[in-house]
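Work through the exercises below with the sequence and the coordinates open. Each task is followed by a solution in steps.

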Amino acid sequence: MTSADVTTNRGNPSGGGLGGAIASEWTKLWSVRSVWWALLASVLLMAAASAQLAIYVRNSNTDTDAANDQGVVALGRIAVDSLELTQFAVLAMAILVITAEYATGTIRATLQWTPSRGHVILAKTTVVGGVTLVLGVLLGALGAAVADPILGDWGRFDLPETIGDALGVAAYLALISVFTLGVGAALRSAVATLTSVFLILTVVPATLGLSDVTIVNRIADALPGTAGLHFLRGDTDPYPPVVGLVVLVGWVLLALLAGHTVLRRRDA
């Protein structure tokens, strides 16, 4: 975070209103160099992961072991499967939006100019959600584009299906980024937030999924990362895709509520 952040807040023409808070957050977002690096990393990771997955599918279909065959794969599905790695570059940006202000102390200027804690959280949510929504569409399209020439005849391009997958990627990234923002507002530490989100999205579901106990598996399916992937992949087991979306939205609202509560009670 730079000194321009404080200047932006002081120059907010809305006197702390929601519109001015959103404009301020927008300016602050693009003034942080690390955000640009996170966006670049997300593009490179999506391209690399999609290429690797496409190569894996092609090799599986053309080797001598018929048991490995995956058949023709939708291009958008490659982008969806690449998210498990790519998402963390995007989430790094969401973490920076809130924790960088605590690390540098500029959160004090933000709260002085926008006294409403709800407006602060809502402004950050609007900016992070909007940016990652657009980024998600671009990443979904990039993943499909990279996979297409590699898969060749083993790739299926259907325009409505590919657009649907790209929009799904966008919705997932926007929601999971806002979830991360809420966690960051509650924990106030970049390291603690990244660790917590990584555990919640990957480590805990994978660990619980190894169990043969039904209730443990159901807990894993109720976590945000797992629910989001069920939504993206159109799974019908253990619940329909729309339920996965609802579960993910529930986690997002819970995280934002936690972040707002901590911000209101502990201040800066």
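**Exercise 1.** In which helix is the place of Leu263? Determine also whether Leu263 is buried or exposed, and list what Leu263 touches.

*Solution.* The model is predicted, so local features need pLDDT of at least 70 and side-chain atom pairs count only at pLDDT 80 or more, while totals for chains, interfaces and linings use all residues. Residues are numbered from 1 along each chain as its sequence is written, and side-chain values use heavy atoms, with hydrogens and water left out.

Step 1. Leu263 is in helix 11. Helices (H or I, at least four residues) and strands (E, at least two) are DSSP runs, numbered from the N terminus.

Step 2. Leu263 has a relative accessibility of 1% and counts as buried. The classes are buried under 20% relative accessible area, exposed over 50%, and partly exposed in between (1.4 Å probe, protein chains only).

Step 3. Contact means heavy atoms within 4.5 Å. Not counting residues up to four places away in sequence, Leu263 touches Tyr102, Leu111, Arg117, Val120, Ile121 and Arg188.

Step 4. Gly118 is 145 residues from Leu263 along the chain, and their C-alpha atoms are separated by 9.0 Å.

**Exercise 2.** Describe Arg188, one of the residues that Leu263 touches, and find the cis peptide bond that involves Pro238.

*Solution.* Step 1. Arg188 lies in the loop between helix 7 and helix 8. Its phi is positive, about 65°, although Arg188 is not a glycine.

Step 2. With a relative accessible area of 14%, Arg188 is buried.

Step 3. The cis peptide bond joins Asp237 and Pro238, with omega about 10°. Pro238 belongs to the loop between helix 10 and helix 11.

**Exercise 3.** Which residues have the most contacts inside the largest nonpolar core, and which helix gives the most to this core?

*Solution.* Step 1. A nonpolar core is a set of buried Ala, Val, Leu, Ile, Met, Phe, Trp, Tyr and Cys residues joined through side-chain atoms within 4.5 Å.

Step 2. The largest core has 46 residues, and those with the most contacts inside it are Leu29, Leu83, Met93, Tyr172, Leu173, Ile176 and Leu232.

Step 3. Helix 4 gives the most to this core, with 11 residues.

Step 4. Leaving aside neighbours within four places in sequence, Leu29 is in contact with Val35, Met93, Val97, Val127 and Val131.

Step 5. Another core, of 11 residues, lies apart from the largest one; Ile78, Ala144, Ala147 and Ile150 are among its members.

**Exercise 4.** Locate Asp148 and state how far its C-alpha is from that of Ser50.

*Solution.* Step 1. Asp148 is in helix 6 and is partly exposed, with a relative accessible area of 36%.

Step 2. Asp148 and Ser50 are 98 residues apart in sequence, and their C-alpha atoms are 9.6 Å apart.

**Exercise 5.** How many helices and strands does the protein chain have, and what is its radius of gyration?

*Solution.* Step 1. The protein chain has 11 helices and 2 strands, in the order α-α-α-β-α-α-α-β-α-α-α-α-α.

Step 2. The radius of gyration is 20 Å, close to the 18 Å that the globule rule gives for 268 residues, so the protein chain is as compact as a globular protein of that length. The radius is taken over C-alpha atoms, and the rule is 2.2 Å times the number of residues to the power 0.38.

Step 3. Of the 268 residues, 47% count as buried.
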